[in-house]
Amino acid sequence: MKKRKLIIFLASLLFFVPCYGQISSSVDKRFELMSIVFRLAEAEEYTDNSVVAYMRDVDEYFSEYIDHPLVVYTKEVRRQNKIGFDAVSLLAFYLEIEGNRLTLNKDADMNAFFENDFRWSPKIISHYIELLDRFYRDSDFEYFFKKHQSLYLLSEENFDLVLNDLDLEWFNSFFGTPISPKIIVSLCNGHSSYSSSLKMKDGSISVGAVIGTTMINSKGIPQYEGMGSSIISFIVHEICHSYVNPIVDRYMNRMLPAAETILPFVSEALLQSHYSSAQTMLYESFVRVCTLAYIEHDTLNYGGGDVYFHVAASEFSGFIWMQNKLNFLASFNHNRILYPYFESFMEQLAVYMDQLADNISLEASAAKAKRPWVTGIFPEINSTVSNEVKEIRINFSHPMILRDGEIKKMLDSDCMNPIDSQAQIKWSKDKKTLSYAVNLEKDKKYGFILNRYSFQSNVLFPMKENFEVKFQTK
């Protein structure tokens, strides 16, 4: 029996190619093609891009194809089937380009593809691939891609500088399976990042992460080092999806009732990140706690404050239980002899989700109490005051992070912003009152907006919404 188990275990390792050395990134033709098509279809997640010169080239080169049958059909399936975001990268991973023809990978397990994403269907895929192949040739996409090889190469070189800090061996020690991920740098993917996996008919699996580009250097070339440790957490997050999603699937029936109880309490916040189902909430919740486990492990690139920051980011995104879940996961780390890998601890985590569902109203109340709000402001909103007032005072419910925050001008308003970029600011000792020095004019209307994300409590929670201020002088 022991010999049989050993053979099964060794066979399972053949599905992944171990790699603990340096990995490299690539700009993948299939992903650029799909991203550009969805940009032409005006998918907002593929139009918010940072590589300005490249986007200008894209728009100019493909301008005559905005009414191509593929673009028209893309708009249709996006509207009817909500195809966008990660559904785009998932299909790209299953594509194959040989010569001047584009097809589905003939060795890919398409049953696994359709099980992984309900938005695509065999009928849609059949017609979509036909039109995508036609677009690839009609637009001479190969020419466009070759024309930008130097940009792609520089992007890859800059990204590879970041990959030096990625600890691949951690994935093996945490999940029990070595991995050689395909890291794809996308210039037309907007600010989003996605996980991708390709399952073949022989059972082998390739996993990858598609990382969007959010920064450029003075020459307009994508730059990643300036993003600090956050870029590593993006990569880890997306790679974790390839591990975690199949594990969660195996426990989905067990955990779904609890997830459906939890979802109504956090759905408003989750929808801001386009997470709309209990299943998606489970995937993302477990991936985030695994990413936090990596951050705790990687003391070379992260400190304790980084863990705190990422926990807060998850909690105000709707995963209000994240700190408690991370605390519970510590029992896994302290009992690795009993639970050698993450999946062996899943039954305990499933019970944790049951308990979370039982107490979700308390968790929601505790999370709400972490959000700061404006308790008072002088001059009061819609009041009339003397122009001799020399400061604006804003009182908050919680001690705040000591910074000036972002003051936004009111658009479509005749109100002047009384706070300029050089305004002197001062925080009270209890960190609850912020004062701005001002010079007001007579008979003027004033107004400004406090950006919710720029005003955070000392536990890193932002305000629930932007806060508008209006007053006038006499």
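I began with a pair inside one helix: Glu-142 and Lys-146 both sit in α8 (residues 141–147), 4 residues apart, about one turn of the helix. Their side chains meet in a salt bridge, 3.8 Å from N to O. The cut-off for a salt bridge is 4 Å, so this pair counts. I noted the general rule as well: an α-helix has 3.6 residues a turn, so residues three or four places apart point the same way. Then I looked up accessibility. Glu-142 is buried at 18% relative accessibility. Lys-146 is exposed at 54%. I should record here that this is a predicted model.

**More salt bridges**

How many salt bridges does the structure hold? I found 20. I picked out two more pairs to follow.

Asp-59 pairs with Arg-39, and their closest N and O atoms are 2.9 Å apart. Asp-59 belongs to helix α3 (residues 52–61) and Arg-39 to helix α2 (residues 29–40), so this salt bridge ties together parts 20 residues apart in sequence. Asp-59 is partly exposed, with a relative accessible area of 35%. Arg-39 is buried, at 13%.

Next I checked Glu-315 and Lys-370. Their side chains form a salt bridge, 2.9 Å from N to O. Glu-315 is in helix α14 (residues 304–316), while Lys-370 is in the loop between α17 (360–368) and β7, so the pair links parts that are 55 residues apart in sequence. Is Glu-315 buried or exposed? Glu-315 is buried, with a relative accessible area of 5%. Lys-370 is partly exposed, at 29%.

I also logged a network: Asp-28, Arg-30 and Lys-182 are joined by salt bridges that share partners.

**Helix α13**

I turned to α13, which runs over residues 278–297 and has 20 residues. From first C-alpha to last, α13 reaches 29 Å, close to the 28 Å expected at 1.5 Å a residue. Of its 20 residues, 16 are buried, so α13 is largely enclosed by the rest of the structure.

**The open sheet**

Which strands make up the open sheet, and in what order? I read off 4 strands, ordered β7-β9-β12-β11, with antiparallel pairing. The edge strands are β7 (374–378) and β11 (425–427), each paired on one side only. From one strand to the next, the twist averages 15°.

I looked more closely at one edge. Strand β11 pairs with β12 (residues 433–437) in the antiparallel sense over 3 bridges. Trp-427 has Leu-434 in β12 as its bridge partner.

**Backbone oddities**

Where is the cis peptide bond that I noted? It runs from Phe-378 to Pro-379, with omega near 0°. Pro-379 is found in the loop between β7 and β8 (383–385).

I then listed two residues with positive phi. Lys-82 has phi near 55° and is not a glycine. Lys-82 lies in the loop between α4 (69–81) and α5 (86–93). At 67% relative accessibility, Lys-82 is exposed.

Asp-140 is not a glycine either, and its phi is about 50°. I placed Asp-140 in the loop between α7 (122–138) and α8. Asp-140 is partly exposed, at 37% relative accessibility. That brought me back to α8, the helix that holds Glu-142 and Lys-146.

Definitions and conventions. Residues are numbered from 1 along each chain as its sequence is written. This is a predicted model: local features need pLDDT of at least 70, side-chain atom pairs count only at pLDDT 80 or more; totals for chains, interfaces and linings use all residues. Side-chain values use heavy atoms; hydrogens and water are left out. Two strands pair if DSSP finds at least two bridges between them. Axes are lines fitted to C-alpha atoms, for helices over the stretch in contact, and angles run from 0 to 180 degrees between N-to-C directions. The expected span of a helix is 1.5 Å times one less than its number of residues. Buried means under 20% relative accessible area, exposed over 50%, partly exposed in between (1.4 Å probe, protein chains only).
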